[in-house]
Amino acid sequence: MNLLPTALLPACALLLRPLRYLVARGWLRESDVDAWLRLLHPALRLNRVLARVCAREWVAEDMLALTLQPNGNWRGAQPGQHVQLYIERDGVRLSRSYSLTRVGADGRLQIAIKRQAGGRVSPYLLECLAVGEVLELGTVQGELHWPQQAPGVLLLAAGSGITPLLGLLRSALAQGFAAPVTLLHYVREQGQRAFADELQALQAQYSNFQVRWALTGAETPSAELQGRFTAEHLQGIGDVAQRAVLSCGPASFVAAVQHWWQGTGSQAELQVEAFTPPPLSVGSERREVQLSLARSRQVLSAHNQASLLEQAEAHGLRPAHGCRQGICASCTCTLVSGVVRDMRSGARLAEPGQAIRLCISAPEGDVEIEL
Ligand code: FES
């Protein structure tokens, strides 16, 4: 039993100030203070953001929504952003980024997790994580925002790309956004239509909102729309070229939407977010290089055609990481010397002391990093 009710967690931030003062001056150790605080409530910590799982709800055959109550160290977020989530499995700290599908006025958050076949995090969250357990949250990122002034909005989602768009949609409709909004969600099968009941309820409640699904798997006679994204799927949506477009899904889906949008010559706003990485460039000729790790005093053989993260892992190391796409910053490390190449843009980074992301940086020559 918790000595402190979960509802009081957010209010504890101020009460902990004197303890922070003592820790900052070295009179107490944070780890000791955290050990005492967790006796009061498992999610109470001096500085770390922990959240208690308040509810689990299956919102599709392969997607689970979790409602979380963060402690008072949570600094807030906007719907549509994504938050880093950490768990420990078999002594290894793992991290993934999940979109916020709801940011409640009561401080509670909702994220939705899609099952990833062969994944290490989602199967645990879906099958094992129980109400009452505690998770650690990290940085919040994401630029998607609701186009408040647009004469209409078109939301195009594929798979779990629905999650940030749902967060934005719920909030916009609740705040009285009155221009037409159409959501088109691409899923493989009928049972993957995440939040379908709620979306249909929103359609019934708000006359300016319409939802449609396209099935991309085997042909289903009952499907409203069939196959991958194409401009024909937008027929019947009024003033589509005037509408602000928000699109989220795998990189190939987002690229198809961008291609269509450029072809319309639209002057309206386009916002996109891809949750699979664009292909990383491996450079031209393979060169063997040395990778020196300053903290662990190791020198590894490496080459210029794979990321520093992959190469460190290939040598049995386990650097902290999350998204592996250059988004979450979990793998950030300091460059001590040498030159690395950003595998997304091709930019060269050579400034000693500069922060680099191991998952998207490849060595150009011998490199030393603070690891
Ligand atoms: S693992 Fe997320 S930025 Fe590298």
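Buried, as the word is used here, means under 20% relative accessible area, whereas exposed means over 50% and partly exposed lies in between, with a 1.4 Å probe and protein chains only. Helices (H or I, at least four residues) and strands (E, at least two) are DSSP runs numbered from the N terminus. The structure is a predicted model, in which local features need pLDDT of at least 70 and side-chain atom pairs count only at pLDDT 80 or more, while totals for chains, interfaces and linings use all residues. Residues are numbered from 1 along each chain as its sequence is written, and side-chain values use heavy atoms, with hydrogens and water left out.

**Strand β7 and its neighbours**

Six of the six residues of β7 are buried, so this strand is largely enclosed by the rest of the structure. The cover extends to both faces of β7, since V153, L155 and A157 on one side and L154, L156 and A158 on the other are all buried. Two strands are said to pair if DSSP finds at least two bridges between them, and β7 runs parallel to both β11 and β8, as the table sets out.

| Partner of β7 | Bridges and direction | Bridge partners |
|---|---|---|
| β11 | five, parallel | A157 with C248 |
| β8 | six, parallel | A158 with Y186 |

Together with α5 and β8, β7 makes a right-handed β-α-β unit; right-handed here means that, with the strands pointing away from the viewer, the path from the first strand over the helix to the second runs clockwise.

**Nonpolar cores and domains**

A nonpolar core is a set of buried Ala, Val, Leu, Ile, Met, Phe, Trp, Tyr and Cys residues joined through side-chain atoms within 4.5 Å. The largest such core has 33 residues, and those with the most contacts inside it are W146, L155, L169, F195, L199 and F209. Among the elements that give two or more residues to this core are β1 (49–60), β7 (153–158), α5 (162–174) and β8 (181–187), and the largest share, seven residues, comes from α5. This core draws at least three residues from each of domain 1 (6–141) and domain 2 (153–274), the domain bounds coming from an automatic or database domain assignment. A second, separate core of 25 residues includes L68, W74, V92 and L137.

With contact taken as heavy atoms within 4.5 Å, and not counting residues up to four places away in sequence, W146 touches V153, L155, L168, L169, A172, F177 and V181.

The assignment also gives domain 3 (288–369), and 38 Å separate the centres of domain 2 and domain 3, taken over C-alpha atoms.

**The site of H41**

H41 is placed in the loop between α3 (30–40) and β1, and at 0% relative accessibility this residue counts as buried. A polar contact is a pair of N or O atoms within 3.5 Å; within protein, one must be able to donate a hydrogen and the other to accept it, and residues adjacent in sequence count only if both atoms are side-chain atoms. One polar contact, of 2.9 Å, joins the side chains of H41 and T6, and a polar atom of the H41 side chain lies 2.9 Å from the backbone nitrogen of A43. Not counting residues up to four places away in sequence, H41 touches N2, L4, P5, T6, L9 and R52.

**A three-stranded sheet**

An open sheet of three strands follows the order β17-β16-β19, with antiparallel pairing. Its edge strands, β17 (348–349) and β19 (361–363), each pair on one side only. Three bridges join β16 (residues 340–342) to β19, and the bridge partner of D342 in β19 is S361.
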